[in-house]
Structure formats: structure tokens, C-alpha cells
Amino acid sequence: MAQVGSKSADNGFNTPIALLTFNRPQLTQRLLGILAQVKPRRVLVVSDGPRPHVASDAEKCAAVRNLFDKIDWECQVERNFADNNMGSFPRNSSGLNWVFEQVEKAIILEDDCLPDLSFFPYCEELLEKYRDNPRVGLISGNNFLEPTVAQHEASYFFSGYATTWGWASWRRTWHQVDLDMPYWPQFRDSGELLQAVFSSSEARYWRSIYDAIHERRMKNAWDYQLILACMRFNLLTIVPSVNLVSNIGFGQDATHCKDSTSLASSVKAHGMKFPLIHPEKVQASPRLDHQVFRHRFHEYWWLRWSKKVLFRLLKLFS
């Protein structure tokens, strides 16, 4: 009898799960192995098409798509497959548009995000608890902080930063995301950006990112627009007290996360304890938000340097 957190999965899992896939059948199969223990009743699959200049893509993309024909539990599988390669940003953003046209809420996983089983009931419970609270924008499975920084009596805390390697949200939140960001110059120049973050250094970092995206000098995969929407509308993200999802996709074959020495690469996933202990207040901590910023978005240079040195030493002596 498979267990999902504190619940039996024999009767299936009712919250819809959306998967963002492309050309990595081994990673997709590992993720489906986890879902086989959860037995979701509804799975929505978004997949990009093969790149014409990469000979191996056609076979790999087909292998990914064929995996969903082999699901052996009772499950409604809905497919949104691109005929041609659209690229990461238009494919995933249009795919998320499609997902939230079909369902009012969903758990979203990319193919390289491996969740602990407890991630699923954690998301399901909090999707219901905060369904009608407009301050709460999404539920993350990520916690990149050191244990001494992130210790809490509660099972989760609130952050102004959206982290999305395994997350859950509602249609109402995704509808607040404007992928073209026409409001960005006004948001930047009015002082709203500075008010939304903890420090001027954070504001400078985000200004450089969003200026580059707005001016089409930088490509991204939709998540930056979601982060900005949370800043713009003062939406909070639920962050678990322990990391629940490990991103194992860092490396040269990744679209964006190519640096395998990143502090966010393959952070171990742990189990959440139930019943959940809820925080007394729905509010973020500026101190913790700055730590989230440093560990996930703008890593301490000395931590990155020390990890790279350790990585090279291990490679040398292995």
C-alpha cells in the first residue's frame, strides 16, 4: 500500500498534476515512477516539439510522449503537445495558460523536479486552506535555506519570492501574470520595486533582470514574470520548513540550469511531517526573504566559490 505523506494512495489523488516536459525521457520516467505511487486521477502534460537542428530530438521527444501511453493506474491524461519546437518560454507559458484553462488549481512539476511523496498532500491541503485568500499566490516545494536559518515551529513560512521547482497554484494567480510585462517601466520608476524587496541591492538585481527581459535582451522561461507579478500584487508564496523537491536537471543538457555547481542543484528532498502546523499570521519576514534571495537568486559568491572548489576536488580524487 503506497503512502503519500500521511495518506494512502490506493484510492487515487484528486488534485490535478501538470507536467512540463521536452526531450529527457529518463528524467520523465523517474518522475512518473513517483507519480505511480501517488496515483493522480488527472494529469495534464505539456511538451515541446523537437528542434530541427538537433538530430536526436525527434526520437527523444517521441520517447517522452510515449511514456504517457503506459500509465497503468486509473488516470485521465490530457495532452498539449507542440508539433514543432516553440522554445522554453513560449511553450511553457502557453502550456500553463492551457493548464489553467482546464483546471482551477494544479500542482506543477517540470521533468527534472523530483518531489518527496509528502509534497503532494502538503500541496493539496494548502491549496484548499488558502483557496479564497487573495494574499497567498502559490505554494512552493522548495526551501534552499540552511537549517539554522529556516528553523520554524510551523510547517511552512511565507515569502515574497516565488520559487517554482515544484509548486502549486490557482487560476486566479496565473491570471495576474502578464508575460509581456508592459507595466514594468512604471513599476520600476515609481519606487514600487524598491518597496517590494528588502534592500536596494535586491532592487538593483531585479532591475537588471527585468530591464533585459523587457528590452528583449534576455530570454526566460515564464518564471520571472510570475515572480514579478507576486511583487506587483503583493502575493505571498508558501515555503515549506524543509525542502520537498530536488532539481536534478542541472548540467549541459539543461535549457537554463547548466551550472551543476549551483547551490540549488540537487538539494536533497526531505519528508514533511503531518499534521501540518500552520503559522499564526499570513505575512512574510523581510529577514528570511533576503536569505531566500541570496540562496536561490543571487548566491553568496564565497559559497559558490567554495562549492566549485569542493566539486573539482571530488572530481579529481574520484
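Is tyrosine 210 buried or exposed? At a relative accessibility of 0%, tyrosine 210 counts as buried. The legends below go through several close-up views of this model, which is a predicted one.

**View 1. Tryptophan 206 and tyrosine 210 form a stacked aromatic pair.** The ring centres of tryptophan 206 and tyrosine 210 lie 5.7 Å from each other, and the angle between the two planes is 25°. Both residues belong to helix α9, which runs over residues 200-214, and because they are four residues apart in that helix, about one helical turn separates them. Tryptophan 206, with a relative accessibility of 0%, counts as buried, and tyrosine 210 likewise has 0% and counts as buried.

**View 2. One aromatic cluster takes in tryptophan 206 and tyrosine 210 along with other rings.** The cluster is formed by Tyr161, Tyr183, Trp184, Phe187, Tyr205, Trp206, Tyr210, Tyr224, Phe293 and Phe297. At one of these members, tyrosine 183, arginine 232 lies over the face of the ring, 3.7 Å from the ring centre. Another member, phenylalanine 187, is 41 residues away in sequence from leucine 228, and the C-alpha atoms of these two residues are 9.8 Å apart in space. Leucine 228 is itself part of helix α10, and with 0% relative accessibility it counts as buried.

**View 3. Phenylalanine 13 and phenylalanine 120 make up an edge-to-face pair.** Across the whole structure, a search finds 22 aromatic pairs. In the pair formed by phenylalanine 13 and phenylalanine 120, the ring centres are 6.0 Å apart and the planes stand at 80°, so the pair is edge-to-face. Phenylalanine 13 lies in the loop between β2 (7-8) and β3 (17-21), whereas phenylalanine 120 lies in helix α4 (residues 119-129), so the pair ties together parts that are 107 residues apart in sequence. Both phenylalanine 13 and phenylalanine 120 are buried.

**View 4. The charged end of lysine 129 sits over the ring of tyrosine 130.** The distance from this charged end of lysine 129 to the centre of the tyrosine 130 ring is 5.6 Å.

**View 5. Helix α1 covers residues 25-38 and has the span expected of it.** With 14 residues and 1.5 Å a residue, helix α1 should span 20 Å, and the C-alpha atoms at its ends are indeed 20 Å apart, which agrees. The buried residues of α1 are Pro25, Leu27, Thr28, Leu31, Leu32, Ile34, Leu35 and Val38. Ahead of the helix, in the loop between β3 and α1, is arginine 24, which counts as buried at 14% relative accessibility, since the cut-off for buried is under 20%. Arginine 24 and aspartate 57 are separated by 33 residues in sequence, while their C-alpha atoms are 9.3 Å apart in space.

**View 6. Lysine 39 and asparagine 234 each have a positive phi without being glycine.** Lysine 39 comes just after α1 and takes a phi of about 60°; the loop that holds this residue lies between α1 and β4 (42-47). With a relative accessibility of 26%, lysine 39 counts as partly exposed. For asparagine 234, phi is near 55°, and this residue is found in the loop between α10 (223-232) and β11 (236-240). Asparagine 234 is also partly exposed, its relative accessible area being 49%.

**View 7. A cis peptide bond leads from phenylalanine 274 to proline 275.** The omega angle of this bond is near 0°. Proline 275 lies in the loop between β12 (245-247) and α11 (286-297).

**View 8. One cavity of 30 Å³ or more is found when the whole structure is searched.** Rolling a probe the size of a water molecule over the atoms shows where empty space is left. The largest cavity holds about 60 Å³ of space. Its lining is made up of Asn142, Asn143, Phe144, Leu145, Thr163, Val239, Val292 and Arg296. By residue type, this lining of the largest cavity divides into four nonpolar residues, three polar residues and one charged residue.

Key: Residues are numbered from 1 along each chain as its sequence is written. This is a predicted model: local features need pLDDT of at least 70, side-chain atom pairs count only at pLDDT 80 or more; totals for chains, interfaces and linings use all residues. Side-chain values use heavy atoms; hydrogens and water are left out. On a 1 Å grid over the protein atoms alone, a cavity is a set of points where a 1.4 Å probe fits but cannot get out, and a pocket is an open set with protein on both sides within 12 Å along at least five of seven lines; lining residues have an atom within 4 Å of a point. Grid points are joined across faces, edges and corners, and a volume is the space filled by probe spheres set on the points. Ala, Val, Leu, Ile, Met, Phe, Trp, Tyr, Cys and Pro count as nonpolar, Asp, Glu, Lys and Arg as charged, and the others, Gly among them, as polar. Helices (H or I, at least four residues) and strands (E, at least two) are DSSP runs, numbered from the N terminus. The expected span of a helix is 1.5 Å times one less than its number of residues. Buried means under 20% relative accessible area, exposed over 50%, partly exposed in between (1.4 Å probe, protein chains only). Rings of Phe, Tyr and Trp (its six-membered ring) pair if their centres lie within 6.5 Å; planes under 30 degrees apart count as stacked, over 60 as edge-to-face and the rest as tilted. A charge sits over a ring if NZ of Lys or CZ of Arg is within 6 Å of the ring centre and within 35 degrees of the ring normal.
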